[in-house]
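I opened this entry to look up the cysteines, one arginine and the nonpolar cores. The structure goes in first.

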Amino acid sequence: MAAVMTAILAFSSCGGKHIQVDRIWDENYSAFPSIVKFNGKYYVSFREASSHVFDENGNADGRARILVSRNGRKWEPVALIEKKGTDLRDPKLSVTPDGRLMLTMGGSVYENRELVSFHPQVSFSSDGVHFSDAEPVRFDSSITDEREWIWRLTWNEGVGYGVTYGGHFALVKTEDGLNYETVTELDLDRANFPGESTIRFSPDGRMFMMVRCDSGDCLGRWGVSEAPYTGWKWTDMDMHLGGPDFIILDDGKVVAGSRYYFPRGKCRTMLLTGNLDGDFEERYLLPSGGDTSYPGLIEVGDEIWMVYYSCHETADGGSHGTIYDYDPDAEKAPRASIYLARIPKALL
């Protein structure tokens with residue numbers, strides 16, 4: 001299935017500028033995407049399932065779908081990764097130092113609709129077509145909990161870094177993508193339930209982190225640390241994050257994306273710009289609604305590409321701009337689709 005399906009406009013929150021957004025996949029309930037360039041092609045991964053969590057029989061049937069494109073316009077499915085008895089969630093792509101495409105996923109196990117465990121799973125591909133079976137990562141002896149999740153992995157100078165949360169909230173590292181050791185337990189208040197975290201590096205080697213918090217004040221946290229990344233300075237952000245991602249441009253500007261929470265449970269997907277001090281402003285409100293966001297960002301020439309998901313359109317492409325009250329327990333949840341926005345840097 002080729003997946004260029006429809007084009008819509010995103011409007012700036014600070015003026016009349018607009019950009020084009022393409023709906024690139026519209027099968028089942030597709031969510032939590034990421035994007036990367038590998039061997040001259042673009043790859044997008046996401047969870048494809050019956051709904052946000054359960055199907056009509058109470059099973060969580062999440063699997064990792066991967067699309068490929070040469071130009072970002074025409075997309076084709078290239079792989080579908082499944083693991084019996086495990087809900088594969090939030091599949092995030094990265095490229096390993098030895099030149100393999102890597103998929104980092106959450107692996108959730110349910111019994112009678114109750115979550116009993118979750119553990120990071122990984123899969124690898126040398127050619128972008130054939131992927132290894134999903135297998136669990138191995139932590140060092142400092143992490144023993146049965147509920148851990150490495151939400152996104154970032155490679156820098158031959159080492160992959162991620163944040164595991166659930167039983168712990170710790171910075172971990174790997175050299176092979178499969179075996180992980182703890183760098184440090186991160187010193188954020190666990191009462192705020194810090195979780196989904198994205199790591200990026202500045203040219204001078206500093207590590208930056210954007211963290212979602214879901215309790216207490218629910219404000220996101222912006223962190224910075226110098227090597228060996230054991231001492232952190234944290235700044236409170238002025239918004240509740242959801243599935244955050246960001247990239248650092250050569251001029252030091254930070255481009256970020258996140259779920260944006262409006263009153264009365266309304267959610268949209270937002271693009272933000274900021275700086276390395278953690279000061280951000282809203283720039284673009286993307287066509288979105290209901291269960292939405294979890295963007296993935298890459299820099300492509302003079303553009304920023306952002307992939308995300310949303311429930312704001314029906315399967316046949318109608319109802320542009322409709323905002324749903326999303327109920328994850330509803331028997332018939334609206335379809336979730338995958339979108340790609342191309343933002344000229346000149347507009348940021």
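How many disulfides does the count come to? I got zero disulfides, working on a predicted model.

I then looked at two cysteines. The nearest cysteine sulfur to that of Cys213 belongs to Cys218, 8.1 Å away, and Cys213 is in no disulfide. A disulfide needs the sulfur atoms within 2.5 Å, so a spacing of 8.1 Å does not qualify. Cys218 is likewise unpaired, with the sulfur of Cys213 as its nearest. I also looked up their accessibility: Cys213 is buried at 2% relative accessible area, while Cys218 is partly exposed at 21%. The cut-off for buried is under 20%, so Cys218 does not count as buried.

Next I turned to Arg47. I found this residue in strand E4, which covers residues 41-49. Is Arg47 buried or exposed? Arg47 is buried, with a relative accessible area of 0%. I noted two partners for its side chain. The side chain of Asp87 makes a polar contact of 3.0 Å with that of Arg47, and the backbone oxygen of His52 lies 3.2 Å from a polar atom of the Arg47 side chain.

Last, the cores. The largest nonpolar core has 41 residues, and I noted Val44, Leu171 and Met209 as the members that touch the most others. Leaving out residues up to four places away in sequence, I listed the contacts of Met209; among them are Val163, Leu171, Leu186, Ile199, Trp222, Trp232, Trp234 and Phe246. Ser197, Thr198, Arg221 and Gly223 are also included. Another core, of 17 residues, lies apart from the largest one, and its members include Val21, Ile247, Leu297 and Tyr339.

Terms used
Residues numbered from 1 in each chain as written. Predicted model: local features only at pLDDT ≥ 70, side-chain atom pairs only at ≥ 80, totals over all residues. Heavy atoms only, no water. Core = buried A, V, L, I, M, F, W, Y, C linked by side-chain atoms within 4.5 Å. Buried < 20%, exposed > 50% of the residue type's maximum accessible area, 1.4 Å probe, protein only. Contact = heavy atoms within 4.5 Å. Helix = DSSP H or I, 4+ residues; strand = E, 2+ residues; numbered from the N terminus. Polar contact = N/O pair within 3.5 Å; in protein donor to acceptor, adjacent residues only side chain to side chain.
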